Amino acid sequence: MAHRHPVSVAGELAGPGLWFWTGILFVLIVGLLAGCGQDQGSSEEPANPGGSGDQTEPQGSGGQTELTESGTPAPEETGRPDLEGTSSEATSAQAGPVRVQTSVVASGLEAPWGLAFLPSGEALVTERDSGRLLSVDSSGNVEELQTLPAAGRGEGGLLGIALSPDYGTDGLIYAYYSTNEDNRVVRFRLGESPEPVFTGIPVNSYHNGGRIAFGPDGMLYVGTGDAGDTSTSQNTNSVAGKILRLTPEGRVPQDNPFPNNPVYSYGHRNVQGLAWDAGGQLYASEFGQDVYDEVNRIEPGGNYGWPEVEGEGGEPRYADPIATWSPTSEASPSGAEILVEGAIPQWEGDFFMAGLRGQRLFRLDLDERGNVVEREEFLQGEAGRLRHVEQAPDGSLWVLTNNRDGRGNPVPDDDRILRLGPASG
Ligand SMILES: [Ca+2]
């Protein structure tokens, strides 16, 4: 499971030259999406709770295909672009676009869910069902570090992971997992037993939320789900169907929108993607039920409508999403990321989102006000279900597949971690 399989994003998959398709794809999709800009919506997990409604069907012509290996091994630099040296163009958004290449960083994982990069550059990766915490380096070496006492069924298990903002000094790792009683946030140092930070988040076999991330304000943000009880989302006294904002100790920050309340925003169905732009604005992806998946620009105290409204409600009391996908089989978005000071200038500041049922990576180009001005899709039909996307320290994007989560059609190498980064040469 250790070696990397260099592949090209699209080039090798379709046959023609390596850069041909990348270029064509970029130009075509940019043009298409800029032109039509219509929304299509969706939801990750079961539209029908517990049912097979979200069972992934192979996409389009033949469904998931294995990423084809490039005939020529990718040069070493692909794994570790020299951001300091060579490429002013790879470090500045003002510079021209770089060619983007997709490679396989690691394979043989089982339903990887969360990912956080250590200062050393290695990634910590959670596996939902096994409860394993893995380290993965850029050469594809995978090592099991420890197992966390996660339980849970279905969509529950070991989910999100984040490093303390002071990891360099406190060594604390945060994780979100399901137990038989609740979903909870814990923290621990490598090799040690976790201690609870925040408990009592409703648990079910679906709609468990699970993404956690520290914001630029040093606070811990937690995406939760309605756990199948839609009455919770509009109730600010429930932590289900919310984005929560906590201190690193799990307490309520004094400047939260509701006094003595961990709720940061409400009216959510199932939030699994959290990302901040360079200005500190939070965006979140969430699963719709049947009609519209959503990306929302999150304001403190905002009401995002569920279950009264799915997609754009047109009522002032509910904040409308900035982007939707319909039907939910088109997207079903889990993890999200915004490229900030990344290595792909043409994508700088863009919002990325991993689609489960949609089986693709979405890119939203945001303008200065956070409105979507362009859309693009990657990896469709190439890698199957995608669970998460995270920016790596080298400015590339790492993407987790999720074909062994019980709803996919895994190929032998699944699950995999893919990398979209500047092509070498
Ligand atoms: Ca909504």
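This is a short walk through the structure, from its sheets to its core and then to some unusual backbone spots. The model is predicted: local features need pLDDT of at least 70, side-chain atom pairs count only at pLDDT 80 or more, and totals for chains, interfaces and linings use all residues. Residue numbers start from 1 along each chain as its sequence is written.

Start with a sheet. Helices (H or I, at least four residues) and strands (E, at least two) are DSSP runs, numbered from the N terminus. Two strands pair if DSSP finds at least two bridges between them. In general, strands of a sheet pair through backbone hydrogen bonds, either parallel or antiparallel. Here, 4 strands make an open sheet in the order E3-E4-E5-E6, with antiparallel pairing. Strand E3 (112–117) and strand E6 (142–147) are the edges; each has a single partner strand, so one side of each is left without a neighbour in the sheet. The twist from one strand to the next averages 25 degrees. Axes for such angles are lines fitted to C-alpha atoms, for helices over the stretch in contact, and angles run from 0 to 180 degrees between N-to-C directions.

Look at the pairs inside this sheet. E3 and E4 run antiparallel and are joined by 4 bridges. Pro112 faces Glu127 in E4. The two strands, E3 and E4, form a hairpin with 5 residues between them. In that turn, Gly121 has a positive phi of about 100 degrees. Next along, strand E4 (residues 123–127) and strand E5 (residues 132–136) are also antiparallel, again with 4 bridges. Val125 stands opposite Leu134 in E5.

Is E3 enclosed or open? A residue is buried if 20 or more other C-beta atoms lie within 10 Å of its own, exposed if 12 or fewer, and partly exposed in between, with C-beta atoms placed from the backbone. In E3, 5 of the 6 residues are buried, so the strand is largely enclosed by the rest of the structure.

Move on to Ile173, in strand E8 (residues 173–178). Ile173 is buried, because 23 other C-beta atoms lie within 10 Å. Two residues are in contact if their C-beta atoms, placed from the backbone, lie within 7 Å. Leaving out residues up to four places away in sequence, Ile173 touches Leu124, Ile161, Leu163, Arg187, Phe188, Arg189 and Leu190. The C-alpha atoms of Ile173 and Val186 are 8.3 Å apart, with their positions 13 residues apart in sequence.

Asp166 sits in the loop between strand E7 (158–163) and helix H4 (167–170). Asp166 counts as exposed because 12 other C-beta atoms lie within 10 Å. Its C-alpha is 9.2 Å from that of Gly218, although the two residues are 52 apart along the chain.

Now the second sheet. It holds 4 strands in the order E19-E20-E21-E22, open and antiparallel. Strand E19 (333–338) and strand E22 (372–378) are the edge strands, each pairing on one side only. Neighbouring strands are turned by 20 degrees against each other on average, direction ignored. E19 and strand E20 (residues 351–355) are antiparallel and share 4 bridges. Glu337 faces Phe352 in E20.

Which residues have the most contacts inside the largest nonpolar core? They are Phe351 and Val399, in a core of 89 residues. A nonpolar core is a set of buried Ala, Val, Leu, Ile, Met, Phe, Trp, Tyr and Cys residues joined through C-beta atoms within 7 Å. In soluble globular proteins, nonpolar side chains tend to be buried together. Beyond its neighbours within four places in sequence, Val399 contacts Ala354, Leu361, Leu386, Val389, Ile417, Leu418 and Leu420.

Finish with the backbone. Two loops carry cis peptide bonds. One joins Trp306 and Pro307, with omega about 0 degrees. Pro307 lies in the loop between strand E17 (293–298) and strand E18 (323–325). The other runs from Ser326 to Pro327, with omega near -10 degrees. Pro327 is in the loop between E18 and E19.His207 is not a glycine, yet its phi is positive, near 55 degrees. His207 lies in the loop between strand E10 (195–201) and strand E11 (212–214). His207 is buried, with 34 C-beta neighbours inside 10 Å. Asn260, also not a glycine, has a positive phi of about 50 degrees. Its loop runs between strand E13 (243–246) and strand E14 (263–265). Asn260 is exposed, with 8 other C-beta atoms within 10 Å.
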